[in-house]
Amino acid sequence: VSPLAARENPGSERPAKSQHPHLTMGRVVRAQQTYKAATGATVADLPQILTALLAADNDMRGSAEATLRVVARDANVVPALLTHARGDPDPQVRQLAAVVLKRRVLGHWPRLPRDAQEQVKHILLDGVVKEPVGLVRR
């Protein structure tokens, strides 16, 4: 607020600076959503999470993103995402699961047993060949 504007409108002083300048509003909202999401979400909730990520409602998507961040810490998210990327009836869910899998697989790769790594490789290659929808295949 300019000094001139402040004189003309005495109630329009600058708002006080945050006590926590390192926290932006986005980080605060994300932290709140993560806190809400952390209450019991598991890999078993992945179908609902993926569907919510495709929702038009911003609040629902934000909550789903926070929940996914919590659930994705578990290495078991890799086989679960792979299952949805290959077998979900909705092509949008398959595509989203493949994108999330791509982003998460490298972080969990060293923790996956060798046979699970081989199975993931085989299923991914098979999926590239057999996926009928081009956007999902990419």
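Me: Is Gly127 buried or exposed?
Reply: Buried, going by this predicted model. Gly127 has a relative accessibility of 8%, and the cut-off for buried is under 20%.

Me: Which helix is Gly127 in?
Reply: Gly127 belongs to α7.

Me: How far is Gly127 from Leu82 in space?
Reply: Their C-alpha atoms are 9.6 Å apart, while along the chain Gly127 and Leu82 are separated by 45 residues.

Me: OK, and which residues meet where α5 packs on α7?
Reply: From α5 you get Val78, Leu82 and Arg86. On the α7 side there are Val120, Ile123, Leu124, Asp126, Gly127 and Lys130.

Me: What's the mix of residue classes in that contact of α5 with α7?
Reply: Five are nonpolar, one is polar and three are charged.

Me: And the geometry, are α5 and α7 parallel or antiparallel?
Reply: Roughly parallel. The angle between α5 and α7 is about 15° and their axes are 11 Å apart. An angle under 35 degrees counts as roughly parallel, so that label fits.

Me: Which hand is the crossing of α5 and α7?
Reply: α5 crosses α7 in a left-handed way.

Me: Let's switch to α6. How do the axes of α5 and α6 cross?
Reply: At roughly 155°, with the two axes coming within 8 Å. Since anything over 145 is classed as roughly antiparallel, α5 and α6 are therefore roughly antiparallel to each other. The α5 and α6 crossing is left-handed too.

Me: Which residues make the contact there?
Reply: On α5 it's Val77, Val78, Leu81, Leu82, His84, Ala85, Arg86 and Gly87. α6 brings Arg94, Ala97, Ala98, Val100, Leu101, Val105 and His108.

Me: How many of the residues in the contact of α5 with α6 are charged?
Reply: Two are charged, alongside ten nonpolar and three polar.

Me: What about α3, how does it sit against α5?
Reply: α3 and α5 cross at roughly 60°, and their axes come within 11 Å. That makes α3 oblique to α5. The crossing of α3 and α5 is right-handed.

Me: Who touches whom between α3 and α5?
Reply: Leu46, Pro47 and Leu50 of α3 meet Val77, Ala80, Leu81 and His84 of α5. By class that contact has six nonpolar residues, one polar and no charged.

Me: Back to Val78 for a sec. What's its relative accessible area?
Reply: 0%, so Val78 is buried. Val78 sits in α5.

Me: What's Val78 in contact with, leaving aside neighbours within four places in sequence?
Reply: Leu101, Val105, His108, Leu112 and Val120.

Me: And how far is Val78 from Gln117?
Reply: C-alpha to C-alpha, 9.9 Å in space, with their positions 39 residues apart in sequence.

Me: Pro79 next, is that one buried or partly exposed?
Reply: Partly exposed, at a relative accessible area of 39%. Pro79 lies in α5 as well, and its C-alpha atom is 9.7 Å from that of Gln117, which is 38 residues away along the chain.

Me: Now the core. How many residues are in the largest nonpolar core?
Reply: It has 24 residues. Those with the most contacts inside it are Leu46, Leu50, Leu53, Val77, Val78 and Leu81.

Me: Which helices each supply at least two residues of this core?
Reply: α3 (46-53), α4 (58-71), α5 (77-87), α6 (91-108) and α7 (114-130).

Me: Why would nonpolar residues group like that?
Reply: As a general point, nonpolar side chains in soluble globular proteins tend to be buried together.

Me: What does Leu81 contact, leaving aside neighbours within four places?
Reply: Leu46, Leu50, Ala97, Val100 and Leu101.

Me: Big picture then. How many helices and strands are there?
Reply: Eight helices and zero strands.

Me: What share of the protein counts as buried?
Reply: 30% of the 138 residues.

Me: And how many of the contacts join residues at least 24 apart?
Reply: 64%, taken among contacts between residues at least 6 apart in sequence.

Note on methods:
Residues are numbered from 1 along each chain as its sequence is written. This is a predicted model: local features need pLDDT of at least 70, side-chain atom pairs count only at pLDDT 80 or more; totals for chains, interfaces and linings use all residues. Side-chain values use heavy atoms; hydrogens and water are left out. A nonpolar core is a set of buried Ala, Val, Leu, Ile, Met, Phe, Trp, Tyr and Cys residues joined through side-chain atoms within 4.5 Å. Buried means under 20% relative accessible area, exposed over 50%, partly exposed in between (1.4 Å probe, protein chains only). Helices (H or I, at least four residues) and strands (E, at least two) are DSSP runs, numbered from the N terminus. Contact means heavy atoms within 4.5 Å. Axes are lines fitted to C-alpha atoms, for helices over the stretch in contact, and angles run from 0 to 180 degrees between N-to-C directions. Angles under 35 degrees count as roughly parallel, over 145 as roughly antiparallel, 65 to 115 as roughly perpendicular and the rest as oblique. A crossing is left-handed if the near helix is turned anticlockwise from the far one by less than a right angle, and right-handed if clockwise. Ala, Val, Leu, Ile, Met, Phe, Trp, Tyr, Cys and Pro count as nonpolar, Asp, Glu, Lys and Arg as charged, and the others, Gly among them, as polar.
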